[in-house]
Amino acid sequence: MGANNGGVPAPAGLPSGYVLRPYRGQEDHGAMAAVRLGSAERDGVDVRSIVEGVPTAAEIGEACAELDDPSENQVLAEHSDGAVGYATVRWWRERDGTWLYLHRGHLLPEHRGRGIGSAMLGWAENRIRRLVQQHGTAQTAVFGANAMASEEDATRLLLDTGYRRVFSLVELELADLRLLPHGGQLPAGIRVGAVEPTDYRAAWRTVVDSYANAAFTEEWTFDRFLATADPTCWRAAWDGEDMAAVALCSVRPHDRALGEVEELSVRAESRRLGLGRAVLLDGLRCLREHGARTARLYTGTDNPHRSYDLYESVGFRRRNEYVRYRKPIHV
């Protein structure tokens, strides 16, 4: 196995005229955005998706800045015309102790079927194996990969290389925030209002506790919660002095007409009382007041709390499905 002029080991079977080379920083963001835009129609991408849409160069730059050592954990596929694809590796620890090493690749449709996607996947798996050895996580590490249900090419590649579907997310949209229904009557002693800084830890704990028995969920520390806090449209319900439900809603920073329900959690002992509906509607009204015209959210398809019934009752409708795949790692 040789090496190409970018310093990335050249995978076996990489066609003549193609190279894999490391990410070089800001100069690559425009080309990476062009790959995403050029793949959108073929892959059935929803451009306004809050899960995985069509990012701008600026948004790609922000995502790259969040990676650990992006030049080592990101690779671009190049042809004579420039970048035709790229792959990214990231990782995190889940609540049950599993270390998930996730890779995601994107390739322009006209360059598919030539082994480029397989080469990027091979690079990603080899990089992950090295990381697992460095991190000492071999006992609990797994490969992870994502593909939208509409991405036929990526789905076929993953299934052909031993990946298996483990769960999926569904994205829902409320198309017109002017058409919100009225809320119902709440039980005596319940109040709904804004989440203040003194309530942050209770809000974080309410969300974290709601995932106590959920599989495939990432650890979420209070420090990480604070680092991304955008509380303008956060709403909670209190039963006396105790927080019983919370809706974390925010306006999307790059699309102020689009609101997102990031989390909706109700404590087990307070379910079926209308609290989730109350805080959700209050958060959605706040989004509308701050300029959002539509709202989106996503949730797991295997949801034991019948949240779909709640979301549909206020006007949300299903838009997209995002499938999560995994495969054992043999180091």
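This is a short talk through the fold of one protein chain, from its overall dimensions down to a few single residues.

Good morning, everyone; before anything else, please keep in mind that what we are looking at is a predicted model. The protein chain contains eight helices and twelve strands, and its C-alpha atoms fill a box of roughly 70 × 40 × 30 Å along the principal axes. For 331 residues, a compact globule would have a radius of gyration near 20 Å, and the 22 Å found for this chain agrees with that. Buried residues account for 49% of the 331, while the surface that the chain exposes comes to about 16300 Å², with carbon and sulfur atoms supplying 48% of it. If we take the contacts between residues at least 6 apart in sequence, 71% of them join residues at least 24 apart.

Let me turn to the sheet. How are the twelve strands ordered in it? They form an open sheet that reads S1-S2-S3-S4-S5-S12-S6-S11-S10-S9-S8-S7, and the pairing is mixed. At the edges stand strand S1, residues 19–22, and strand S7, residues 190–194, and each has a single partner strand, so one side of each is left without a neighbour in the sheet. On average, and ignoring direction, neighbouring strands here are turned by 25° against each other.

Within that order, S12, which covers residues 317–328, runs antiparallel to strand S6, residues 164–174, and nine bridges join the two. Across this pairing, Val170 stands opposite Glu321 in S12, and Glu173 stands opposite Arg317 in S12. S12 also pairs with S5 in the antiparallel sense, over seven bridges, and there we find Asn146 opposite Arg324 in S12.

Now to the helices that meet these strands. Helix H1, residues 29–43, lies across S2, S3, S4 and S5, running at about 90° to S3. In helix H4, residues 152–160, the buried residues are Asp153, Thr155 and Leu158, and what covers them includes H1, S4, helix H3, S5 and S12. Just after H4 comes Gly162, with a positive phi of about 95°.

One residue in strand S2 deserves a closer look, namely Glu78, which lies in the stretch from 74 to 79. Is Glu78 buried or exposed? Its relative accessibility is 19%, and because the limit for buried is under 20%, Glu78 counts as buried. A polar contact of 3.0 Å joins its side chain to that of Arg21. Leaving aside residues up to four places away in sequence, Glu78 touches Gly17, Tyr18, Val19, Arg21, Arg24, Ala83 and Val84.

Finally, let us consider two loop residues and their backbone angles. Most residues other than glycine have a negative phi. Phe216, however, has a positive phi near 60°, and it sits in the loop between helix H5 and helix H6. With a relative accessibility of 34%, Phe216 counts as partly exposed. Arg272 likewise has a positive phi, near 65°, and its place is in the loop between strand S10, residues 255–266, and helix H7, residues 275–289. Arg272 is exposed, with a relative accessible area of 59%.

Definitions and conventions. Residues are numbered from 1 along each chain as its sequence is written. This is a predicted model: local features need pLDDT of at least 70, side-chain atom pairs count only at pLDDT 80 or more; totals for chains, interfaces and linings use all residues. Side-chain values use heavy atoms; hydrogens and water are left out. Helices (H or I, at least four residues) and strands (E, at least two) are DSSP runs, numbered from the N terminus. Buried means under 20% relative accessible area, exposed over 50%, partly exposed in between (1.4 Å probe, protein chains only). A polar contact is a pair of N or O atoms within 3.5 Å; within protein, one must be able to donate a hydrogen and the other to accept it, and residues adjacent in sequence count only if both atoms are side-chain atoms. Contact means heavy atoms within 4.5 Å. Two strands pair if DSSP finds at least two bridges between them. Axes are lines fitted to C-alpha atoms, for helices over the stretch in contact, and angles run from 0 to 180 degrees between N-to-C directions. The radius of gyration is taken over C-alpha atoms; the globule rule is 2.2 Å times the number of residues to the power 0.38. Accessible areas come from the Shrake-Rupley method with a 1.4 Å probe; for residues, only the protein chains shown count as cover.
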